[in-house]
Amino acid sequence: MHLDLRRFFENNDIREPFEYNFKSNDSFVSSDIHVSGVVNNTAGIVSVSANADLCITVHCARCAKEIQKKLSVPVKHYLIAHLNNEDNDEYILVEDMELDLDRLVMEDIYLTLPSRFLCKPDCKGLCPVCGKDLNDGECGCKKATDPRLAVLQSLLSDEKQ
């Protein structure tokens with residue numbers, strides 16, 4: 001969705017709500033993205049505030065199960081028509097008075113995604129030897145002993161005899 005911001009920069013105390021859905025081209029997004037928010041100019045400061053709701057399909061970082069998560073991502077930005085200080089990245093520069101809201105929402109979604117997802121907080125993952133899902137029970141594999149600790153292991157087996 002493209003927002004024409006000309007009237008917001010030309011008039012003070014103007015407020016316009018919006019609501020729409022759009023499809024993402026990203027394979028992990030499993031639903032339409034529902035965006036609802038408002039664009040306003042309060043005392044000469046133009047801002048966009050919105051909330052993006054979506055479902056994503058990802059894999060657990062420990063056991064690789066496919067999981068679906070619902071996300072609600074806040075979007076809040078201040079907009080300016082021209083930039084006086086080139087080093088300031090707190091504002092979004094809108095030179096042509098048009099804002100691609102889909103792109104802005106997707107950037108905020110990417111920035112809020114965690115680096116990894118878990119199917120549950122105490123996910124045990126997969127056995128590194130046989131690959132069995134340890135959430136379904138122990139695998140029965142004999143765990144490899146660190147060769148540096150082999151001498152200690154032999155002491156433990158001597159005690160059992």
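## Nonpolar core

In this predicted model, the largest nonpolar core has 30 residues, of which Ile33, Val35, Leu101 and Val105 touch the most other members. Two or more residues each come from strand S2 (14–22), strand S3 (33–42), strand S4 (45–59), strand S5 (66–80) and helix H2 (101–112). The greatest contribution is that of S4, which supplies 7 residues. In soluble globular proteins, nonpolar side chains tend to be buried together.

The surroundings of Val35 illustrate how this core is assembled. When neighbours within four places in sequence are set aside, Val35 is in contact with Phe18, Glu19, Tyr20, Asn21 and Phe22. The remaining contacts of Val35 under that condition are with Ala50, Asn51, Ala52 and Val105. Val105 is thus a contact of Val35, and both residues belong to the group that touches the most other core members.

## Aromatic pairs

The model contains 3 aromatic pairs. In one of them, the ring centres of Phe18 and Tyr20 lie 6.5 Å apart with the planes at 45°, so the pair is classed as tilted. Phe18 and Tyr20 are both buried. Together with Phe22, these two residues make up one aromatic cluster; Phe18, Tyr20 and Phe22 are also among the contacts of Val35.

Another pair is formed by Phe28 and Tyr110, whose ring centres are 6.4 Å apart and whose planes meet at 50°, so this pair is likewise tilted. Phe28 lies in the loop between S2 and S3 and Tyr110 in helix H2, so that the pair links distant parts of the chain, 82 residues apart. The two partners differ in burial: Phe28 counts as buried because its relative accessibility is 19%, below the limit of 20%, whereas Tyr110, at 40%, counts as partly exposed.

## Surface patch and the S3–S4 loop

On the surface, Ile45, Tyr78 and Tyr91 form a nonpolar patch with a combined accessible area of about 280 Å². Ile45 belongs to strand S4, the element that gives the most residues to the core. The relative accessibility of Ile45 is 47%, and this residue therefore counts as partly exposed.

Gly44 is located in the loop between S3 and S4. With a relative accessible area of 46%, Gly44 is partly exposed. The C-alpha atom of Gly44 is separated by 24 Å from that of Asp102, and the two residues are 58 residues apart along the chain.

Key: Residues numbered from 1 in each chain as written. Predicted model: local features only at pLDDT ≥ 70, side-chain atom pairs only at ≥ 80, totals over all residues. Heavy atoms only, no water. Core = buried A, V, L, I, M, F, W, Y, C linked by side-chain atoms within 4.5 Å. Buried < 20%, exposed > 50% of the residue type's maximum accessible area, 1.4 Å probe, protein only. Helix = DSSP H or I, 4+ residues; strand = E, 2+ residues; numbered from the N terminus. Contact = heavy atoms within 4.5 Å. Patch = residues over 30% accessible without salt bridge, like charges linked within 9 Å, V, L, I, M, F, W, Y side chains within 5 Å. Areas by Shrake-Rupley, 256 points an atom, 1.4 Å probe, with all protein chains shown as cover. Salt bridge = Lys/Arg side-chain N within 4 Å of Asp/Glu carboxyl O. Phe/Tyr/Trp six-rings, centres within 6.5 Å; stacked < 30°, edge-to-face > 60°.
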